[in-house]
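Hello,

Here is the structure I promised to hand over, and below it you will find notes on what turned up when I went through it. Please keep it open beside you while you read.

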Amino acid sequence: MNGEVSRLLSVENAKELLDSVDAFLFDCDGVIWKGEKLIDGVPETLDLLRSHGKKLVFVTNNSTKSRKQYAKKFHSLGIPVNEDEIFSSSFSAAMYLKVNDFPREKKVYVIGEEGILEELEQAGFTALGGPADGKKNIELKSNCLFEHDKSVGAVIVGLDQYINFYKLQYATLCIRENPGCLFIATNRDAVGHLTDLQEWPGAGCMVAAVCGTTQKEPITVGKPLTFLMDFLLQKYKITTSRMCMVGDRLDTDILFGQNAGCRTLLVFSGLRMSSISLFILLKVLAHVQFCHPLHFWSIHTLAISKSSRICPLTKFQHEVSELRQGPGLLPTGKGNIRPEVKTEGKAEQFQLVHAKS
Ligand SMILES: [Mg+2]
């Protein structure tokens with residue numbers, strides 16, 4: 001901790017933020033969209049940033065799609081984004097194998113969806129599992145012996161809506177019985193905005209299941225680990241201090257940004273209040289650029305941490321508490337979600353908890 005305080009985005013510091021950043025890195029679930037629904041103001045905000053000459057990069061832990069599939073999703077939502085501007089944890093997992101010279105004759109078993117399989121195929125690896133094993137059942141009976149492929153050299157675990165007993169047994173046997181078999185987690189998010197109305201179990205629970213059966217910890221390739229940053233730096237050649245990571249989770253997005261030495265910007269659109277979103281960034285930036293009149297409540301919706309390390313939690317909590325008191329902000333009435341921050345284990349690890357008020 002260096003005592004640096006996170007700040008709320010204001011008309012004044014938004015201009016400073018814009019001037020000091022060459023590339024904005026965006027999380028997707030809860031920042032760009034919720035499920036298939038685009039969050040208000042996103043296209044305008046992205047257009048505005050591009051018009052200022054900013055590079056836009058999309059860094060998502062959601063491994064269900066490949067970069068190609070994400071590019072299609074962006075286009076279907078009316079946002080022109082190129083495949084090479086997207087850095088997904090599915091891509092990251094395939095790249096991890098590639099940079100570590102994973103033998104081509106070995107196979108990869110996948111607990112996850114199409115995104116991982118597609119990225120593995122594009123990288124030239126042979127994969128099995130994934131959706132194909134989604135409907136497989138196991139009948140536990142006497143003399144039942146589960147066979148697995150001894151040539152599997154890596155197991156990748158990501159978000160999987162169709163995780164089942166079969167897949168867990170397969171992954172477990174590969175990790176426990178195949179010598180040197182890698183255990184790779186795309187990410188360990190507890191939950192994700194897989195639909196527009198609520199959060200759903202994230203890859204973290206699938207990874208935890210395999211940790212439980214193998215008693216091993218995985219290599220994690222998604223946020224908050226910075227493995228992907230090497231690819232990003234290689235492509236954009238922009239120093240991380242001139243990048244800003246925009247996300248809705250402290251324990252993945254903001255920590256990733258800070259681990260990499262980026263500036264960070266927390267949006268609350270991941271909470272269930274659509275009015276508190278990236279749209280506000282647009283409003284603030286529009287004000288800076290065009291001097292449009294603004295309602296002042298709008299500037300209290302984003303927190304910036306200039307520090308290369310995360311801000312002290314007590315200060316963040318204080319800010320959240322101040323946010324709640326602002327007019328029209330973070331309503332705490334019955335049924336609304338209010339943010340709380342608590343420490344988890346080590347002092348440097350944080351989790352944003354959504355608790356009903
Ligand atoms: Mg998110």
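**Notes on the structure**

N143 has 4 C-beta neighbours inside 10 Å, and because a residue with 12 or fewer is called exposed, N143 counts as exposed. Please bear in mind throughout that this is a predicted model. N143 sits in the loop that runs between β8 (126–129) and β9 (152–157), and its phi is near 65 degrees, which is a positive value in a residue other than glycine. To see why I mention this, it helps to know that most residues other than glycine have a negative phi, and that most peptide bonds are trans.

D101 can be read in a similar way, since its phi is also positive, at about 55 degrees, although D101 is not a glycine. You will find D101 in the loop between α4 (89–99) and β7 (107–111), and because it has 7 C-beta neighbours inside 10 Å, D101 counts as exposed.

The next item concerns a peptide bond: the one from K223 to P224 is cis, with omega near 10 degrees. P224 belongs to the loop between β13 (219–220) and α8 (229–236).

Now to a pair of helices. Two packed helices are described by the angle between their axes and the distance between the axes. For α4 and helix α5 (residues 114–122), the angle is about 40 degrees and the axes are 8 Å apart, which makes α4 oblique to α5. The crossing in which α4 passes α5 is right-handed. If you would like to find the place where they touch, look in α4 for S90, F91, A93 and A94, which meet G115, I116, E119 and L120 in α5. Sorted by class, this contact of α4 with α5 has five nonpolar, two polar and one charged residues.

Finally, here are some totals for the whole chain, which may help you to place these details. The protein chain has 11 helices and 18 strands, and of its 357 residues, 47% count as buried. When contacts between residues at least 6 apart in sequence are considered, 71% of them join residues at least 24 apart.

As a starting point, you might locate N143 and D101 in their loops, then turn to P224 in the loop between β13 and α8, and after that look at the contact of α4 with α5.

With best wishes

How values were computed. Residues are numbered from 1 along each chain as its sequence is written. This is a predicted model: local features need pLDDT of at least 70, side-chain atom pairs count only at pLDDT 80 or more; totals for chains, interfaces and linings use all residues. Helices (H or I, at least four residues) and strands (E, at least two) are DSSP runs, numbered from the N terminus. A residue is buried if 20 or more other C-beta atoms lie within 10 Å of its own, exposed if 12 or fewer, and partly exposed in between; C-beta atoms are placed from the backbone. Axes are lines fitted to C-alpha atoms, for helices over the stretch in contact, and angles run from 0 to 180 degrees between N-to-C directions. Angles under 35 degrees count as roughly parallel, over 145 as roughly antiparallel, 65 to 115 as roughly perpendicular and the rest as oblique. A crossing is left-handed if the near helix is turned anticlockwise from the far one by less than a right angle, and right-handed if clockwise. Two residues are in contact if their C-beta atoms, placed from the backbone, lie within 7 Å. Ala, Val, Leu, Ile, Met, Phe, Trp, Tyr, Cys and Pro count as nonpolar, Asp, Glu, Lys and Arg as charged, and the others, Gly among them, as polar.
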